[in-house]
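Work through the exercises below with the sequence and the 3D structure at hand. Try each task yourself before reading its solution.

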Amino acid sequence: MATSYRFTPRRRSLAAAGAAAALALTLAACGSSSDSSSMPGTDHGSKSSASSSPSASQAMGDMPGMDHMASGNGLSDTQDGYRLTSKDATLPSGKQTAYRFTVTGPDGKAVTGFALDQTKRMHFYAIRSDLTGFQHIHPAMAADGTWTADLAALAPGSWRLFASFTPDGGSGKGNDFVLSHTVTVPGTATKTPLPAPATSTQADGYTVTVKGEPMAGMAHPLTVSIAKDGKPVTDLQPYLATYAHLTAFHEGDAAFAHLHPTTKVTGDHGGPDLNFHAELPTSGNWRLFLQFQTGGTLHTAALTLHVG
């Protein structure tokens with residue numbers, strides 16, 4: 001499953017705009033098990049939150065694509081008085097481990113009230129500095145506000161851990177935050193070069209094609225088309241109340257961005273085309289992780305996107 005720029009939006013209504021042109025984009029396939037993928041160090045993150053998930057309509061409130069966009073690029077542990085705290089500066093290599101953290105509010109006390117965002121009260125991401133080893137997890141919260149994220153095995157190196165949430169009270173009520181810490185995983189770290197851009201690739205037998213023309217600091221449409229055996233896929237199942245979940249990290253600093261599809265969810269028959277609102281704040285290469293579900297199986301495709 002980090003620059004001097006900063007996202008400024010809080011809540012945004014996502015709107016599809018303009019026509020899409022072919023874009024150079026690389027997708028490296030990840031695996032399809034419920035807990036981890038065949039790409040080493042990549043995990044789908046299927047942990048549930050402390051409370052049961054509501055229906056998609058309850059969680060989203062509006063049409064898919066009309067929900068929140070997390071503010072900030074995630075490169076700080078503090079924003080508007082809210083702070084991500086943890087005692088863990090290092091995590092072990094090569095085995096599952098638990099990362100415990102707390103979000104404190106402007107009053108210095110642990111926050112325990114969080115609003116639902118895409119059916120979860122907390123979205124947690126782990127990404128290595130070379131943009132490999134992606135994990136997307138939904139941690140559990142204890143009564144005192146301590147969250148526990150159960151991480152799959154981590155490769156040696158520097159990792160950035162992100163917490164994306166919306167307070168349900170206090171001065172930050174209704175605002176979306178993304179905060180992060182870096183941790184070190186001891187051992188000999190081998191850097192993996194970022195794949196070069198291309199227009200499509202395969203993941204778990206699915207062909208994923210991307211069209212669009214994102215420009216730094218501007219909102220642009222992005223379209224993902226999914227096919228299998230040469231035929232359009234029309235059996236995409238809702239995953240976190242949308243037909244696909246898309247997260248992006250910037251090469252060099254691992255800055256965070258979260259994109260939503262604007263395609264309306266109408267049941268277990270989504271696809272083949274998914275429209276996204278893409279607003280990436282700076283130029284350069286971004287590593288995108290697209291997660292979609294078919295037949296109860298979660299698939300993850302990794303994408304390298306160059307933004308002009």
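**Exercise 1.** Which residue in β8 is the bridge partner of M141?

*Solution.* Keep in mind from the start that this is a predicted model. Begin with the strands: β7 and strand β8, which covers residues 146-151, run antiparallel and are joined by 2 bridges. Following the bridge from M141 into β8 then leads to W147 as its partner. To place this pairing in its wider setting, note that an open sheet of 5 strands has the order β2-β3-β4-β8-β7, with antiparallel pairing. The edge strands of this sheet are β2 (78-79) and β7 (140-141), each of which pairs on one side only.

**Exercise 2.** Describe the aromatic pair formed by F165 and F177, and explain what the pair ties together.

*Solution.* A pair of aromatic rings is described by the distance of the centres and the angle of the planes. A search of the whole structure finds 17 aromatic pairs. For F165 and F177, the centres are 5.6 Å apart and the planes differ by 15°; because planes under 30 degrees apart count as stacked, this pair is a stacked one. Next, locate the two residues: F165 lies in strand β9 and F177 in strand β10, so the pair ties together parts that are 12 residues apart in sequence. The two residues are also bridge partners, and the strands β9 (residues 157-165) and β10 run antiparallel, joined by 9 bridges. Finally, F165 and F177 belong to one aromatic cluster, whose members include Y82, Y99 and W147.

**Exercise 3.** Are F165 and F177 buried or exposed?

*Solution.* The cut-off needed here is that buried means under 20% relative accessible area. F165 has 3% relative accessibility and therefore counts as buried, and F177, at 1%, counts as buried too. The strand that holds F177 fits into this picture, since 7 of the 9 residues of β10 (residues 177-185) are buried, so this strand is largely enclosed by the rest of the structure.

**Exercise 4.** Which backbone features do T119, A254 and P272 show, and where do these residues lie?

*Solution.* Most residues other than glycine have a negative phi, and most peptide bonds are trans. T119, although not a glycine, has a positive phi of about 70°; T119 is in the loop between β4 (97-104) and β5 (123-128), and at 9% relative accessibility T119 counts as buried. A254, which is not a glycine either, has a positive phi of about 60°; A254 is found in the loop between β15 (245-250) and β16, and at 6% relative accessibility A254 counts as buried. The peptide bond from G271 to P272 is cis, with omega near 0°, and P272 is in the loop between β16 (256-259) and β17 (273-278).

Conventions: Residues are numbered from 1 along each chain as its sequence is written. This is a predicted model: local features need pLDDT of at least 70, side-chain atom pairs count only at pLDDT 80 or more; totals for chains, interfaces and linings use all residues. Side-chain values use heavy atoms; hydrogens and water are left out. Helices (H or I, at least four residues) and strands (E, at least two) are DSSP runs, numbered from the N terminus. Buried means under 20% relative accessible area, exposed over 50%, partly exposed in between (1.4 Å probe, protein chains only). Two strands pair if DSSP finds at least two bridges between them. Rings of Phe, Tyr and Trp (its six-membered ring) pair if their centres lie within 6.5 Å; planes under 30 degrees apart count as stacked, over 60 as edge-to-face and the rest as tilted.
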